[in-house]
Amino acid sequence: LTGCYPNRVGVSGAFGPQSPNGLSPAEETIAELVKEQGYKTGMFGKWHLGNHPELSPIAQGFDEFEGIPYSHDMWPLHPWQDRAKYPPLYWIEGTTQGKEIKDLQDASELTPRITEKAISFIQRNKKNPFFLYIPHPMPHVPLAASERFRGKSEKGLFGDVLMELDWSVGEI
């Protein structure tokens with residue numbers, strides 16, 4: 001990600017909640033390119049390219065966005081919270097702050113919610129060209145699987161998460 005603001009030559013790591021920077025609005029994204037060709041664009045999942053409205057997926061060419069602005073480990077439950085001082089993590093709808101993701105129970109609903117939003121987007125746009133981007137937050141730690149998949153894989157929580165992701169891709 002070179003070119004992410006003139007004062008930075010490049011980026012090492014991801015843009016977290018305290019980062020003043022993100023993907024430069026001057027960068028051309030695939031969403032912007034296909035939107036110019038008449039595609040509807042949607043993104044559901046983890047953005048991680050800037051935590052300010054002017055850096056959001058909506059500002060970068062997506063017609064629709066729902067998801068989290070950065071990894072779900074960058075929240076007050078992080079083991080190094082005393083040093084990191086992460087703010088609360090919220091589900092974002094477009095550029096509007098939605099429900100706070102307070103704990104692993106809330107995080108366990110990320111995959112089903114993203115799946116539901118993606119399917120809805122496809123159903124609403126199936127008769128026209130569309131571009132859909134789905135960066136699932138799982139299997140990034142902390143791991144969380146919904147009630148439907150928790151304890152089902154016989155491979156532990158990681159297996160449950162992968163089973164749920166496989167289900168999600170199949171549904172989509």
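Here is a quick look at the sheet in this predicted model and at two of the helices that go with it.

**The sheet**

Start with the strands: there are 5 of them, and they make an open sheet with mixed pairing, ordered 4-3-2-1-5. Strand 4 and strand 5 sit at the edges, each pairing on one side only. Going from one strand to the next, the twist averages 15°. Here's where to find the strands:

| Element | Residues |
|---|---|
| Strand 1 | 40–46 |
| Strand 2 | 64–68 |
| Strand 3 | 89–93 |
| Strand 4 | 96–101 |
| Strand 5 | 130–133 |

Strand 1 and strand 5 run parallel and are joined by 4 bridges. If you want a spot to zoom in on, try Met43, which stands opposite Tyr133 of strand 5.

**Helix 4 on the sheet**

Helix 4 covers residues 110–125 and lies across strand 1, strand 2, strand 3, strand 4 and strand 5. Relative to strand 1, helix 4 runs at about 175°.

**Helix 4 against helix 5**

Helix 4 also packs with helix 5 (residues 156–171), at an angle of about 5° and with the axes 10 Å apart. Angles under 35 degrees count as roughly parallel, and helix 4 and helix 5 are therefore roughly parallel to each other. On the helix 4 side, the contact is made by Thr111, Pro112, Thr115 and Ile119. Helix 5 brings in Glu164, Leu165, Trp167, Ser168 and Glu171. Sorted by class, this helix 4–helix 5 contact has 4 nonpolar, 3 polar and 2 charged residues.

How values were computed: Residues are numbered from 1 along each chain as its sequence is written. This is a predicted model: local features need pLDDT of at least 70, side-chain atom pairs count only at pLDDT 80 or more; totals for chains, interfaces and linings use all residues. Side-chain values use heavy atoms; hydrogens and water are left out. Two strands pair if DSSP finds at least two bridges between them. Helices (H or I, at least four residues) and strands (E, at least two) are DSSP runs, numbered from the N terminus. Axes are lines fitted to C-alpha atoms, for helices over the stretch in contact, and angles run from 0 to 180 degrees between N-to-C directions. Contact means heavy atoms within 4.5 Å. Angles under 35 degrees count as roughly parallel, over 145 as roughly antiparallel, 65 to 115 as roughly perpendicular and the rest as oblique. Ala, Val, Leu, Ile, Met, Phe, Trp, Tyr, Cys and Pro count as nonpolar, Asp, Glu, Lys and Arg as charged, and the others, Gly among them, as polar.
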